[in-house]
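Trainee: Please take me closely through one part of this model, and set out how its surroundings are built before you turn to single residues.

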Amino acid sequence: MPKKVLRSQSVHYPFSVLLNKTKVLTREGKGVVVDKQTEWIYVRLDKNGVIIKTSIFLTELIETA
């Protein structure tokens with residue numbers, strides 16, 4: 001029987017995330033990552049300060065301070 005691999009162990013993230021320092025581009029706009037849970041990240045948008053939940057795979061890295 002194959003060994004069970006947790007999804008969080010098998011996923012290779014496209015970039016590393018530093019909370020409150022990593023700037024990303026989402027469908028809703030640019031923002032800063034404020035929280036991370038497995039593949040889900042919470043981004044505070046620059047334009048209106050709203051926090052959104054999105055997949056790390058649906059974002060592009062702008063910069064890591």
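Mentor: Among the contacts in the chain with a separation of 6 or more, 37% join residues 24 or more positions apart, where contact means heavy atoms within 4.5 Å. The model is predicted, so to speak of local features a pLDDT of at least 70 is needed, side-chain atom pairs count only at pLDDT 80 or more, and totals for chains, interfaces and linings use all residues. Residues are numbered from 1 along each chain as its sequence is written, and side-chain values use heavy atoms, with hydrogens and water left out.

The part I would choose is strand β3, together with what surrounds it. The chain holds one helix and five strands (DSSP runs numbered from the N terminus, with H or I over at least four residues for a helix and E over at least two for a strand), and their order along the sequence is α-β-β-β-β-β. Of the 65 residues, 29% count as buried, which is to say under 20% relative accessible area, whereas exposed means over 50% and partly exposed lies in between (1.4 Å probe, protein chains only).

Strand β3 covers residues 40-45 and pairs with β2 in the antiparallel sense over six bridges, pairing being called when DSSP finds at least two bridges between two strands. Within that pairing, Val-43 of β3 stands opposite Val-33, and the hairpin has two residues between its strands, with Thr-38 taking a positive phi near 50°. Toward β4, strand β3 runs antiparallel and is joined by five bridges, one pair being Tyr-42 with its bridge partner Lys-53 in β4. This hairpin has five residues between the strands, and Gly-49 takes a positive phi near 75° in it. On the far side of β2, strand β1 (residues 22-25) pairs with β2 (residues 30-37), again in the antiparallel sense, over three bridges; there Lys-23 stands opposite Val-32, and Gly-29 has a positive phi near 140° in a hairpin with four residues between the strands.

Trp-40 lies in β3 and has a relative accessible area of 37%, so it is partly exposed. Setting aside neighbours within four places in sequence, Trp-40 is in contact with Asp-35, Lys-53, Thr-54 and Ser-55. The charged end of Lys-53 sits over the ring of Trp-40, 5.1 Å from its centre, the rule being that NZ of Lys or CZ of Arg is within 6 Å of the ring centre and within 35 degrees of the ring normal. The C-alpha atoms of Trp-40 and Phe-57, which are 17 residues apart along the chain, are separated by 8.8 Å.

Another residue of β3's surroundings is Thr-59, placed in the loop between β4 (51-55) and β5 (60-64). Thr-59 has 9% relative accessibility and therefore counts as buried. Beyond residues up to four places away in sequence, Thr-59 touches Phe-15, Val-24, Leu-25, Thr-26, Ile-41 and Thr-54. A polar atom of the Thr-59 side chain also lies 3.0 Å from the backbone oxygen of Ile-56.

Terms used:
A polar contact is a pair of N or O atoms within 3.5 Å; within protein, one must be able to donate a hydrogen and the other to accept it, and residues adjacent in sequence count only if both atoms are side-chain atoms.
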